[in-house]
Amino acid sequence: MRIAVFGAGYVGLVTGACFADLGHDVVVRDVVHDKIDMLRRGEVPIHEEGLQELLERNGERLRFTTDVTEAVEGTEVVYVAVGTPPTYSGDADLSAVWTVVDELPRLDRRIVVAMKSTVPVGTGRSVRHRLDERGLHNVGYVSNPEFTAEGAAVRDFMHPDRIVIGAFDPGDGDVVERLHAGIDAPVVRCDVASAEMIKLAANAALVTRISFINEIANVCEATGADVLTVAEGIGLDHRIGPSFLRAGIGFGGSCFPKDSLALKQLAANSGYNFQLLNAVIEVNELQKRRVIGKLERRLGSLRGKKVALLGLAFKPGTDDMREAPSLVLAGRLLAEGAHVSAWDPVADGRMHLDGVDVAESALGALEGADAAVVVTEWPELRELDWAEAGGRMRGAVVVDGRNLLDADEMRALGFTYEGVGRAVE
Ligand SMILES: NC(=O)c1ccc[n+]([C@@H]2O[C@H](COP(=O)([O-])OP(=O)(O)OC[C@H]3O[C@@H](n4cnc5c(N)ncnc54)[C@H](O)[C@@H]3O)[C@@H](O)[C@H]2O)c1
């Protein structure tokens, strides 16, 4: 089939490359000329495992353009994968979605618009209305939300837990389902509003688990229990399961924070106070800040102290720093008067971190540091020569925000080591 994908970001590029790999002809359209030029030259603007190979392998079935008419020419399905960032109010900013809807040209054949961007419940109905107002009655609308996780997006797209297709017209849903032929996964067919809610509810469930285990970790710290053992013990219960029970310094990224806020606002706008989600969000904000308290307990005032932030991306496997805990930590440390150095194997901290010394290597960031904070669980940090790191640092405090390192080994090397939800010495 012939597909157009609007948006060449983390989701759009993976969607385009994977559909091309499934044998479809794909045109990816973006409004940022530099991005399209890079892609035409064979360069990939983001770090996502397996994406480069997929784009190269399917070069014959993939084109890139900034032009709407070229993108939709001959297409059967138009995927919308543009950003829906949070506004100041916490509601999703749908302006890019509306731009796409308004840009669609009048065609003399039926096409289907498939929404991959994460949008509030009710957006599909509003888009349908707008299309009808524009006289585009032969443009169908399907909600086909995306559940891929950055860092594993290609694998997640090709081997999803489920494919959700919400349609006003079952025939349009059939078209989108046919596109996924070759992917072995349960298909949930439903109405548009339910598909939109499945996406928001799935993310809400995941962040609830994260804030839950983080609160358990905080109580472990206060009572002497060990959250790793506790997580293992509760995760073996088949009614609970082991995933998303890793305590840490909180969730970030381009989806979890904004989508939980958007669901909270959606509920509030509909007259409902989503108390559980309010608490989940607040716990997450406080969790990031607990690192500062841990550093202060070891170092006293942070004014003039040098703290190295190890890992800047919101999680390993991506260069994405949107809403990353590293940003909050850097801001708080600078506000306390600390000198902050940082390192990440792929994320470019220079673009986002004013006043922070971004080093070329982890050891470079640790040079002369009073304390190190493990912010992202990059394998490179587990494999770091910590004995050498200790020699480079001025102090010996390591706060491991992801429980990445072996506590006994770190203490044996002479570090004052503290994880999350673990015994403190
Ligand atoms: N990042 C993820 O892992 C992920 C996972 C699931 C769902 N989502 C959702 O998918 C959507 C996209 O997320 P993302 O991370 O890929 O965003 P992104 O910011 O990486 O990419 C969005 C792209 O859309 C482009 N764009 C803006 N207006 C456009 C237009 N009119 N026509 C064509 N392109 C246009 C932007 O230039 C940008 O390149 C969001 O709604 C997000 O919540 C993201």
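**Exercise 1. Determine which residue follows helix 9 and what the sign of its phi is.**

Solution. Helix 9 is followed by Gly224. The phi of Gly224 is positive, near 95 degrees. Helices here are DSSP runs of H or I with at least four residues, strands are runs of E with at least two, and both are numbered from the N terminus. The structure is a predicted model, in which local features need pLDDT of at least 70, side-chain atom pairs count only at pLDDT 80 or more, and totals for chains, interfaces and linings use all residues. Residues are numbered from 1 along each chain as its sequence is written, and side-chain values use heavy atoms, with hydrogens and water left out.

**Exercise 2. Compare the expected span of helix 9 with the distance between its end C-alpha atoms.**

Solution. The expected span is 1.5 Å times one less than the number of residues. Helix 9 covers residues 192-223, which is 32 residues, so it should span 46 Å. Its end C-alpha atoms are 47 Å apart, which agrees. At the start of this helix, a side-chain oxygen of Asp191 comes within 3.3 Å of the backbone nitrogen of Ala193.

**Exercise 3. Decide whether Asp259 is buried or exposed, and find its side-chain partner.**

Solution. First, locate the residue: Asp259 lies in helix 11 (residues 256-269). Next, apply the classes: buried means under 20% relative accessible area, exposed over 50%, and partly exposed in between (1.4 Å probe, protein chains only). Asp259 has 2% relative accessibility and therefore counts as buried. Finally, a polar contact of 2.8 Å joins its side chain to that of Asn203. A polar contact is a pair of N or O atoms within 3.5 Å; within protein, one must be able to donate a hydrogen and the other to accept it, and residues adjacent in sequence count only if both atoms are side-chain atoms.

**Exercise 4. Describe the surroundings of the ligand.**

Solution. Begin with the shell: 29 residues surround the ligand (each with a heavy atom within 4 Å of it), and the closest are Asp30, Lys35, Thr84, Glu150 and Lys258. Helix 5 gives the most to this shell, with four residues. Then examine individual atoms. A polar side-chain atom of Asp30 is 2.6 Å from an oxygen atom of the ligand. A side-chain N or O atom of Arg29 lies 2.9 Å from a nitrogen atom of the ligand. In Thr118, a backbone N or O atom is 2.9 Å from a ligand oxygen atom.
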